[in-house]
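Thanks for coming, everyone. I'll walk you through one structure, stop by stop. Please have the sequence and the model open as we go.

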Amino acid sequence: VVFQVIKCKAAVAWEAGKPLSLEEVEVAPPKAHEVRIKIVATAVCHTDAYTLSGADPEGCFPVILGHEGAGIVESVGEEVTKVKPGDTVIPLYIPQCGECKFCKNPKTNLCQKIRITQGKGLMPDGSSRFTCRGKQIYHFMGTSTFSEYTVVADISVAKIDAAAPLDKVCLLGCGISTGYGAAVNTAKVEPGSICAVFGLGGVGLAVIMGCKVAGASRIIGIDLNKNKYAKAKEFGATECISPQDFQKPIQEVLVEMTDGGVDYSFECIGNVGVMRAALEACHKGWGVSVIVGVAAAGQEISTRPFQLVTGRTWKGTAFGGWKSVDSVPKLVTDYMSKKIKVDEFVTHTLPFDKINEAFELMHTGK
């Protein structure tokens, strides 16, 4: 089979802090253990915006961002056995090789097989499949879904139900899976629990959904933007509060509201001050706080050690703890059988050339 270079549209980030530029790019054929995918739908996430802002120490430019996508396999390189052309897939920013010590350990989902090259914006062989105007363009998070075609490692792809609507299930490539898994996998929320969720964006709503599925009795949403409260309640929040409405620190408010603190708290913002508040809002003896939000490079968390000595636990999660290749198809199945919500997370559907408007909508909390 002679594979062709594909020319298509992509949103290229030429440099930090500038809007994305819609360009014609060349996408090279997949090499051994690589898959070329026609991307049908992609979502925008704060992680894309974080890298675009220039604050990400691993950010490389020029780059094709995007890591919440879904599409159809167009072609496969040599030695690819798990997928074939025509398969419906979701690209995975955390792969699952099944061979490294991380994949073999049931306690983690952080496959390390291609971590180094992925962090440098390159394919596992150390090169790029994208060019534009004669320049090499970097990959992003091993996925680069802001392109009509992309190339990913074969361990970075999950084959899903062909009947799934791609403009919805693309969200299972990051945000929904991350928040839902933080509740059901990382925290392992128990029936009857009291939970607090800091930040009511897409990830926070997914955490609320997870807490509800797990049988939490009280789910308190915390956000400065009160426009988000109605949606949070649709997802299962029992009440919502704003730190600005109180004279005292929000952790003290929560401790009073809950007779000593919450059983589980989740930070879904990426703010180290809020991370501290989320830990300190937990109940003495058994409270667990999970960091879901990604803070900017170089920032540090702090609390008094006594908070941990007296029985609180501080945890973190990436992609909700899901082993990606195994779990994403099951999450799609759970959505198709109405066990989890996905459609309700979609606020706007825009054509690809309006991608900068999508970022503006995200930044304004809409």
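In which strand does Lys-135 lie? Lys-135 lies in strand S7. Keep in mind that this is a predicted model.

Stay with Lys-135 for a moment. Is Lys-135 buried, partly exposed or exposed? Lys-135 is partly exposed, because its relative accessible area is 48%, and the band for partly exposed runs between 20% and 50%. Leave aside the neighbours within four places in sequence, and Lys-135 is in contact with Trp-14 and Phe-130. Now look at Ser-21. Ser-21 and Lys-135 are 114 residues apart in sequence, and their C-alpha atoms are 14 Å apart in space.

Step back to Arg-133. Arg-133 sits in the loop between strand S6, residues 130-132, and S7. Its phi is near 50 degrees, which is a positive value in a residue other than glycine. Arg-133 is exposed, with a relative accessible area of 61%.

Here is some background. Most residues other than glycine have a negative phi, and most peptide bonds are trans.

Lys-188 also has a positive phi, near 55 degrees. Where is Lys-188? Find the loop between helix H5, residues 175-187, and strand S10, residues 194-198. Lys-188 is exposed, because its relative accessible area is 54%, and exposed means over 50%.

Next, a peptide bond. From Phe-61 to Pro-62 the bond is cis, with omega near -5 degrees. Pro-62 belongs to the loop between helix H1, residues 46-53, and strand S4, residues 68-76.

That brings us to H1. Which residues of H1 are buried? They are Asp-48, Ala-49, Tyr-50, Thr-51 and Leu-52. The buried residues of H1 pack against strand S3, residues 34-43, and against H12. Just after H1 comes Gly-54, with a positive phi of about 100 degrees.

Now the aromatic rings. How many aromatic pairs does a search of the whole structure find? The search finds four. Take one of them, Phe-146 and Phe-359. This pair is edge-to-face, with 6.0 Å centre to centre and 85 degrees between the planes. The pair links distant parts of the chain, 213 residues apart. Phe-146 is in the loop between strand S7, residues 135-137, and strand S8, residues 149-153. Phe-359 is in helix H12, residues 355-363. Both Phe-146 and Phe-359 are buried.

One more ring. Lys-341 lies over the face of Phe-235, at 5.8 Å from the ring centre.

Phe-235 leads us to Phe-345. Setting aside residues up to four places away in sequence, Phe-345 touches Phe-235, along with Leu-171, Ile-176, Gly-202, Leu-205, Ala-206 and Met-209. Find Phe-345 in the loop between helix H11, residues 324-336, and H12. Is Phe-345 buried or exposed? Phe-345 is buried, because its relative accessible area is 13%, and buried means under 20%. Phe-345 and Gly-175 are 170 residues apart along the chain, while 9.7 Å separates their C-alpha atoms.

Over to helix H7. Lys-233 is in helix H7. Lys-233 counts as partly exposed, at 44% relative accessibility. Not counting neighbours within four places in sequence, its contacts are Glu-239 and Cys-240. Compare its position with Thr-42. The two residues are 191 apart along the chain, with 26 Å between their C-alpha atoms.

Now Leu-224. Leu-224 is found in the loop between strand S11, residues 218-222, and helix H7, residues 229-235. Which residues does Leu-224 touch, not counting residues up to four places away in sequence? The answer is Ser-242, Pro-243 and Gln-244. The C-alpha atoms of Leu-224 and Ser-242 are separated by 5.0 Å, with their places 18 residues apart along the chain.

Last stop, empty space. Rolling a probe the size of a water molecule over the atoms shows where empty space is left. How many cavities of 30 Å³ or more are there? The count comes to one. The largest cavity holds about 60 Å³ of space. Its lining is Ile-114, Thr-117, Gln-118, Leu-122, Met-123, Pro-124, His-139, Gly-142 and Ala-153. By class, that lining has five nonpolar residues, four polar and no charged ones.

That's the tour. Over to you for questions.

Note on methods: Residues are numbered from 1 along each chain as its sequence is written. This is a predicted model: local features need pLDDT of at least 70, side-chain atom pairs count only at pLDDT 80 or more; totals for chains, interfaces and linings use all residues. Side-chain values use heavy atoms; hydrogens and water are left out. Rings of Phe, Tyr and Trp (its six-membered ring) pair if their centres lie within 6.5 Å; planes under 30 degrees apart count as stacked, over 60 as edge-to-face and the rest as tilted. Helices (H or I, at least four residues) and strands (E, at least two) are DSSP runs, numbered from the N terminus. Buried means under 20% relative accessible area, exposed over 50%, partly exposed in between (1.4 Å probe, protein chains only). A charge sits over a ring if NZ of Lys or CZ of Arg is within 6 Å of the ring centre and within 35 degrees of the ring normal. On a 1 Å grid over the protein atoms alone, a cavity is a set of points where a 1.4 Å probe fits but cannot get out, and a pocket is an open set with protein on both sides within 12 Å along at least five of seven lines; lining residues have an atom within 4 Å of a point. Grid points are joined across faces, edges and corners, and a volume is the space filled by probe spheres set on the points. Ala, Val, Leu, Ile, Met, Phe, Trp, Tyr, Cys and Pro count as nonpolar, Asp, Glu, Lys and Arg as charged, and the others, Gly among them, as polar. Contact means heavy atoms within 4.5 Å.
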